[in-house]
Amino acid sequence: TGGPRESSRPHMSAPQDQQVAVVGCGLAGCMTGMLFAKRGFRVILTEKNEDWRQNEEEMKDDLHRNNIKRSINLALSHRGRSALKQIGLEEEVMRFAVPMVGRAIHTSKSSLDADAFQPYDENDPSNCIYSVSRERLNNLLLERLEAQPNVTVLFKHSLTHIDRKGVAHFETTGSGDSVNTYNDYRKGTYQIQPRLIVGADGAYSVVRESLLRLNLTNFKRKYISHGYKELTIPAKDDKFALKNHNALHIWPRGSFMMIALPNPDKSFTATIFAPLHTENGVPGLKDINSEDEIKKYMGTHFPDVLPVMPDYVSDFKQNPTSPLVTVEVSPWNYKDKIVLLGDSAHAMVPFYGQGMNAAFEDCLFLDEVLASCGGNLEKAIPQFAAEREPAGRGIAELSMGNYLEMRHHTGSTLFLLRKKLEGALNYAFPTSWIPLYKMVTFTRIPYHVVIEKEKQQAAILDGAAKAMGMISIGACLLIARRLIRSSL
């Protein structure tokens, strides 16, 4: 790891037909690097930040390290596991993953026990999602990458821009900040000209910014009015403090909610998703600052969980209130020279637990397309971008829709009855009727195809409900008519 020493003139490596540069050492970048390395490409991964695994004491207040450690718990499901299997790490990751077989719903404010349990799969209890540590997973991927003879990992290398010749320019100051204005590019102190540049550098991607300048590209970034705040439910007497620890716990509150995911150390990571600013008399996350305000907010909306959340006041003060952003870009590529994937291509809100899974599937799908093209990047990159982009838009749409379901519908009796009916239909017609959540989480049906299938199923279900309603009304009228006649 580490990079070359800085010199008075830029370092320039010669163009290499089989060199792939991946920008970003997060989960998507590491997965991409592993898959290209397994196909024999020479891979160079760059990361603008310091190596968060080193000098832990010195970096304890570092924002990037804290984001790695505190970010929303990751839910691993079939799509992500398929990518891990492809690089030979699925079994190792599953050893530190905590299974969650359903949702535990907390509608009551007077009891810590859940009021209802909703299995993720009504018919197959082996279908579950897994809570995993982002830091532990990222570190494992990095460790395996660094062990590959054809991989180089460079920390403190901040991409500033990519020029029209395909040269990527980096600064090695470690600041992570671009030193250029929109049209004013300085040559980087470190430069490479790989065969392909992969942008896996997140929602605020610098690779994407370069693509926007090189190509006729449509781009949209949108912040939603809600954000999130993370809290902790520690272990109690070396046991989970919440019953049914193999579940995703949800406290639905209509316009907002709190969730909790289990950790291997028997703690839970709790996350409040709520408006950033005050709405309808409910304080926004950014408007809650003092200890009294924190206590009033939590005591009003989540009083049942406070006995097992002893540090909620300090957690609320210390942990950042973070925004939620969505990104849409089209196309994802510049010829066969630059391609985006993961959050750089389709950042989404986290309400379907598919952020990591979708990013890993991006990487896996790229690998599959590359295999089908015989390793030909000229064919594979445009094909991947064109075929995968609709799925990226699809999961972004599904994720926003699932927020409404989680914060509001999960506590509804009608919602639970509908889920039971969908489960019965899936049992009767396992290949032709698959519930929405099951399609998203336990299959690799493309996300945009999932949306179309769900629309068809919803239309059938709504039509059947109306028909049943008409039958019931007709039966009641018939019975009433007979009773009236018999009384005459």
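**Aromatic contacts, backbone geometry and a three-stranded sheet**

In this predicted model, rings whose centres lie within 6.5 Å count as paired, and the count comes to 15 aromatic pairs. One of them joins F273 and F351. The two ring centres are 4.9 Å apart and the planes meet at 80°, over the 60° cut-off, so the pair is edge-to-face. The contact links distant parts of the chain. F273 belongs to strand β17 (residues 268–275). F351 lies in the loop between α9 (343–346) and α10 (355–372). The two residues are 78 residues apart. Both partners fall under the 20% limit for burial. F273 has a relative accessible area of 2% and is therefore buried. F351, with a relative accessible area of 3%, is buried as well.

Aromatic residues also group together elsewhere. Y120, Y352, Y437 and F442 make up one aromatic cluster. A further ring, that of Y447, has a charged neighbour: the charged end of R79 sits over this ring. The distance to the ring centre is 4.1 Å.

Several loops carry notable backbone geometry. The peptide bond from S330 to P331 is cis, with omega near 0°. P331 is placed in the loop between β18 (322–330) and β19 (333–334). Positive phi values occur at two non-glycine residues, K156 and D237. For K156, phi is about 55°. This lysine lies in the loop between β9 (151–154) and β10 (158–162). Its relative accessible area is 34%, so K156 is partly exposed. For D237, phi is near 55°. D237 is found in the loop between β14 (218–233) and β15 (248–252). The relative accessible area of D237 is 69%, over the 50% limit, so this residue is exposed.

Helix α1 covers residues 27–38 and has 12 residues. From first C-alpha to last, α1 reaches 17 Å. This is close to the 16 Å expected at 1.5 Å a residue. The helix is mostly covered, with 11 of its 12 residues buried. The buried set opens with L27, A28, G29, C30 and M31. It continues with T32, G33, M34, L35, F36 and A37. After α1 comes G40, with a positive phi near 90°.

R39 is close in space to a residue remote in sequence. A371 and R39 are 332 residues apart in sequence, yet their C-alpha atoms are 9.0 Å apart. A371 lies in helix α10. With a relative accessibility of 40%, A371 counts as partly exposed.

Helix α10 also packs on a small sheet, described next. An open sheet is formed by 3 strands in the order β4-β8-β5, with antiparallel pairing. The edge strands are β4 (74–76) and β5 (98–100), each pairing on one side only. The twist from one strand to the next averages 40°. α10 packs on this sheet and touches β4 and β8. The direction of α10 makes about 55° with that of β4.

Pairing within the sheet can be followed residue by residue. Strands β4 and β8 (residues 129–132) run antiparallel and are joined by 3 bridges. In this pairing, L74 stands opposite V132 of β8. A75 faces S131 of β8. On the other edge, 3 bridges join β5 to β8, again in antiparallel fashion. Here P99 has Y130 of β8 as its bridge partner.

Strand β8 is covered on both faces. I129 and S131 are buried on one side. Y130 and V132 are buried on the other. Three of these residues thus recur in the bridge pairs: V132 with L74, S131 with A75, and Y130 with P99.

Definitions and conventions
Residues are numbered from 1 along each chain as its sequence is written. This is a predicted model: local features need pLDDT of at least 70, side-chain atom pairs count only at pLDDT 80 or more; totals for chains, interfaces and linings use all residues. Side-chain values use heavy atoms; hydrogens and water are left out. Rings of Phe, Tyr and Trp (its six-membered ring) pair if their centres lie within 6.5 Å; planes under 30 degrees apart count as stacked, over 60 as edge-to-face and the rest as tilted. Helices (H or I, at least four residues) and strands (E, at least two) are DSSP runs, numbered from the N terminus. Buried means under 20% relative accessible area, exposed over 50%, partly exposed in between (1.4 Å probe, protein chains only). A charge sits over a ring if NZ of Lys or CZ of Arg is within 6 Å of the ring centre and within 35 degrees of the ring normal. The expected span of a helix is 1.5 Å times one less than its number of residues. Two strands pair if DSSP finds at least two bridges between them. Axes are lines fitted to C-alpha atoms, for helices over the stretch in contact, and angles run from 0 to 180 degrees between N-to-C directions. Contact means heavy atoms within 4.5 Å.
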